[in-house]
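Visitor: I am new to this structure. Please show it to me, and then I will ask about it.

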Amino acid sequence: MFEVQCTQLWRGLPHLGPTLRGMYGHGLLATACCGQQPHSADCRYVGIFEPRPPHDWPKRFSDCPPAFVITPPPFGSALGQRHFRFGMTLMGVTSAESELVLTAWQHAATHGLGVERVGAKITVSQRETRLPVFGRGSLLCWRFETPVLLKHKQPGARARQLSAGEVDLAALLHALTHRLYGVPALPLAPLSTWLAQAEQLECQTFLEDVHFSRHSNRQGRNMPLSGVIGRVFVHGSLSEDLLQALVLGQWLHIGGKTSFGLGGYSIQFVDAPGARLCIED
């Protein structure tokens, strides 16, 4: 977890994911790049921020996602604030570069936040390294703290984005499975097993559509983004593997545009508020 202290009041944006990702990229480019064009094969900047797909990478995927996830503050919570917190999950090769990651963030902070270049100081406030632990209850609150972008694709048609009124438990489980596919520490049950379980659970959604934008330095303009935000309540008994997947998803996010901090959530059993559904510090 990182603490950000701005030197002056910053108006900011409701969703800081793209701003933080851009800052981090620039900081990493300044502190870890090989300085060559094209980048060398062992360039640390490329290995962390723009990884090249391995030789066995599935051809159906156009790019290789970086081994980190930025979790910005909850949507709208940092507006007009001089102090806020955000998280970052390091995975794979990036997990061995924690000191370089911190150096990149600190370098980025000296150049300022957003297009306004508001000065800031970034420090580490908490490190979490252990495996997930959790307690149990029967009423789960699944709270989306940053907008989640979910899509549905019919055979022979283009995928379309789901609105708040169309999101159900099945759509969320599809997104969770897609995000966690291939994670070696968590072999997944078949999606059909989770969907059958979902039919035995009661689900209430309290979601709303949100529309916002990010500024693209590369294209020199604002790019629209959207998603749904709010809470989903799930009542019933969840299997052990599904609960483990939900816990892990808090650090990996779900849905589209996770590289911009979308799809961040937290989970907690309402009837067991003392149970920790997180990585033990």
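Guide: A contact means heavy atoms within 4.5 Å. This is a predicted model, where local features need pLDDT (the predictor's confidence in each residue, from 0 to 100) of at least 70, side-chain atom pairs count only at pLDDT 80 or more, and totals for chains, interfaces and linings use all residues. Residues are numbered from 1 along each chain as its sequence is written, and side-chain values use heavy atoms, with hydrogens and water left out.

Visitor: Among contacts between residues at least 6 apart in sequence, what share join residues at least 24 apart?

Guide: The count leaves aside pairs less than 6 apart in sequence. Of the remaining contacts in the chain, the share joining residues at least 24 apart is 70%.

Visitor: Which strand has the highest mean pLDDT among the elements?

Guide: Strands (E, at least two residues) and helices (H or I, at least four) are DSSP runs, numbered from the N terminus. The chain has 12 strands and six helices. The lowest mean, 52, belongs to S12 (residues 278-279), and the highest, 94, to residues 139-148, strand S6.

Visitor: How many residues are in the largest nonpolar core?

Guide: Such a core is a set of buried (under 20% relative accessible area, 1.4 Å probe, protein chains only) Ala, Val, Leu, Ile, Met, Phe, Trp, Tyr and Cys residues joined through side-chain atoms within 4.5 Å. Trp 142 and Phe 144 are among those with the most contacts inside the largest one, whose residues number 37.

Visitor: What share of the 281 residues is buried?

Guide: Buried residues are counted over the whole chain of 281. Their share is 44%.

Notes: Buried means under 20% relative accessible area, exposed over 50%, partly exposed in between (1.4 Å probe, protein chains only).
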